[in-house]
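I am opening a notebook on this structure and will write down what I looked up, entry by entry. Charge pairs, surface patches, backbone angles and distances are the topics I have in mind.

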Amino acid sequence: ETGFEYEDGEVSATKTNLFYVEVENGKISKIAPNQPNAKAIDAKGLLMLPAFKDMHIHLDKTFYGDKWQAVRKRTGGVKGMIDLEQKMLPEMLKNSTFKAEKMIELLQSKGTFFARSHVNIEPTSKLESLKNLQKALDNKKNSFGAELVAFPQHGVFYTDSAPYLKEAAKMD
């Protein structure tokens, strides 16, 4: 955007121009007026935006990348959901690294290159959700960044998650 267009004293649109953008080592190093004869990738007038950040996601427990599953019925409010998740987690952990990588690839395909992900820390998965997600993030470290939040999904005292949270904190 280079300015505004006005109608009757009110902004009615933005003015835009084409620019030449140089990228070095993954960072914008130069923005200059369009250079139509330059050796470049023609973006065909599309708008260039910064990458998105997903600031609340649970990459450690997704079904994405695996066979589709319907929502499971549960009863008993929050405690019922905890009981259901405690039954599901051991199976989910078997390929959670793969599924996290698939979810990261989906995010990247839509322009997201950073996430703040909550990670289950509780007695059922102990630190396995964290370790598996760290593997996935390590595999994607050249193109995806993340901040992890140790999350006692099943309650700190209801399921005695405190010792695992302390251990996770020591793991950086």
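**Entry 1: a helix and its serine.** Before placing a residue in a helix I fix the term: a helix here is a DSSP run of H or I with at least four residues, numbered from the N terminus. The model I am reading is a predicted one. With that settled, I looked up S96 and found it in helix α2, which covers residues 96–109. Is S96 buried or exposed? I noted a relative accessibility of 5% for S96, which counts as buried because the cut-off for that class is under 20%. I then asked which residues S96 touches once its neighbours within four places in sequence are left aside. The contacts I recorded for S96 are D60 and N132.

**Entry 2: salt bridges.** How many salt bridges does the structure hold? I noted seven, and went through some of them one at a time.

I began with K94 and E91, which form a salt bridge whose closest N and O atoms are 2.8 Å apart. K94 itself is exposed, and I wrote down a relative accessible area of 63% for it.

I turned next to E147 and R116, a salt bridge with 2.4 Å between the closest N and O atoms. Since E147 sits in strand β7 (residues 145–151) and R116 in strand β6 (residues 112–120), I read this pair as tying together parts that are 31 residues apart in sequence. Both ends have an entry for accessibility: E147 is partly exposed at 36% relative accessibility, and R116 is partly exposed at 28%.

The side chains of K141 and D138 also meet in a salt bridge, for which I noted 3.4 Å from N to O. Here K141 counts as exposed, with 54% relative accessibility, whereas D138 counts as partly exposed, with 44%. I also recorded that K102, E105 and K140 are joined into one network by salt bridges that share partners.

**Entry 3: a patch of negative charge.** Which residues gather in a patch of negative charge on the surface? I listed E5, E7, D8 and E10. I followed D8 further and placed it in the loop between β1 (3–7) and β2 (10–15). D8 is exposed, and the relative accessible area that I noted for it is 81%.

**Entry 4: a nonpolar patch.** I then looked for nonpolar side chains on the surface and found that F19, V23, I28, I31 and M48 form a patch, with about 510 Å² of accessible area together. Which strands each supply at least two residues of this nonpolar patch? I noted β3 and β4. As for M48, I placed this member of the patch in the loop between β4 and β5 (52–57).

**Entry 5: positive phi angles.** I checked the backbone for residues that have a positive phi although they are not glycine, and I kept two of them for this entry, N25 and D160. For N25 the phi is about 50 degrees, and the residue lies in the loop between β3 (19–24) and β4 (27–33). I also noted that N25 counts as exposed, at 80% relative accessibility. For D160 the phi is about 55 degrees, and this residue lies in the loop between β7 and α4 (162–170).

**Entry 6: distances between C-alpha atoms.** G155 has its place in the loop between β7 and α4, and I noted it as partly exposed, with a relative accessible area of 23%. What separates the C-alpha atoms of G155 and K170, which are 15 residues apart along the chain? I recorded 20 Å.

I moved on to K27, which is in strand β4 and is exposed, with a relative accessible area of 61%. The C-alpha atoms of K27 and K87 are separated by 45 Å, with their positions 60 residues apart along the chain.

My last pair was E167 and I28, which I found to be 139 residues apart in sequence and 40 Å apart in space, C-alpha to C-alpha. E167 lies in helix α4 and is partly exposed, with a relative accessible area of 42%, while I28 is one of the residues that I had already listed in the nonpolar patch.

Notes: Residues are numbered from 1 along each chain as its sequence is written. This is a predicted model: local features need pLDDT of at least 70, side-chain atom pairs count only at pLDDT 80 or more; totals for chains, interfaces and linings use all residues. Side-chain values use heavy atoms; hydrogens and water are left out. A salt bridge is a side-chain nitrogen of Lys or Arg within 4 Å of a carboxyl oxygen of Asp or Glu. Buried means under 20% relative accessible area, exposed over 50%, partly exposed in between (1.4 Å probe, protein chains only). Contact means heavy atoms within 4.5 Å. Patches are made of residues with over 30% relative accessible area and no salt bridge: like charges are joined within 9 Å, nonpolar side chains (Val, Leu, Ile, Met, Phe, Trp, Tyr) within 5 Å. Accessible areas come from the Shrake-Rupley method with a 1.4 Å probe; for residues, only the protein chains shown count as cover. Lys and Arg count as positive and Asp and Glu as negative; His and the chain ends are not counted. The place of a charge is taken as NZ of Lys, CZ of Arg, CG of Asp or CD of Glu.
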